[in-house]
Amino acid sequence: MLPLTTADLLAHAIVGLVLENLDMERLVREVGQAVAQRILGNNESVDDVARELHEKLLLRNESTKKVVIESIYRDSDEARHNVEIFTLASNLAEARPHLRRVRFLLIHSFSNNRLNTFFFDCL
């Protein structure tokens, strides 16, 4: 997962997404027409066709990569309150006195066989 809190990981995200897209396009070119024919022409169920396709891809040792970009936002009552305040306020000066402090987990890092977690307070 790539939390895009800074532009440092943006290039990795772009390359990963391109590779994911190329993998999927190749698979669609190889099996797309046959899958469509079975579902639309033969009235086979999508679940049955998907299950069989999955099994065949596993036998071919086929795999795809999937890039997951983790949201940097954490849902909380305070965050929802602040969104509502920003939505209703006509400017930042009007909103500021009504904002609630939000404590959230921002960064996980793994170094020296230890998970490091950093918390930040935002207002």
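## Salt bridges and a one-sided helix

User: Which side chain meets that of Arg38 in a salt bridge?

Analyst: This is a predicted model, in which local features need pLDDT (the predictor's confidence in each residue, from 0 to 100) of at least 70, side-chain atom pairs count only at pLDDT 80 or more, and totals for chains, interfaces and linings use all residues. Residues are numbered from 1 along each chain as its sequence is written, and side-chain values use heavy atoms, leaving out hydrogens and water. A salt bridge puts a side-chain nitrogen of Lys or Arg within 4 Å of a carboxyl oxygen of Asp or Glu. At 2.7 Å, N to O, the partner of Arg38 is Glu44.

User: Which residues are linked with Arg38 in a network of salt bridges?

Analyst: Lys56 also pairs with Glu52, with closest N and O atoms 3.1 Å apart. Both lie in helix α2 (residues 46-59), about one turn apart; helices are DSSP runs (H or I, at least four residues), numbered from the N terminus. Linked with Arg38 are Glu44, Glu52 and Lys56.

User: Within what arc do the buried residues of α3 fall?

Analyst: Buried means under 20% relative accessible area, exposed over 50%, partly exposed in between (1.4 Å probe, protein chains only). Ala79, His81, Asn82 and Ile85 are buried, while Asp77, Val83, Thr87 and Leu88 are exposed on the other side. The arc uses directions from the helix axis to the C-beta atoms. The buried residues line one face, because their arc is within 160°.

User: How far apart are the end C-alpha atoms of helix α3?

Analyst: The expected span is 1.5 Å times one less than the number of residues. For the twelve residues 77-88 that gives 16 Å, which agrees with the model's 17 Å.

How values were computed. Helix = DSSP H or I, 4+ residues; strand = E, 2+ residues; numbered from the N terminus.
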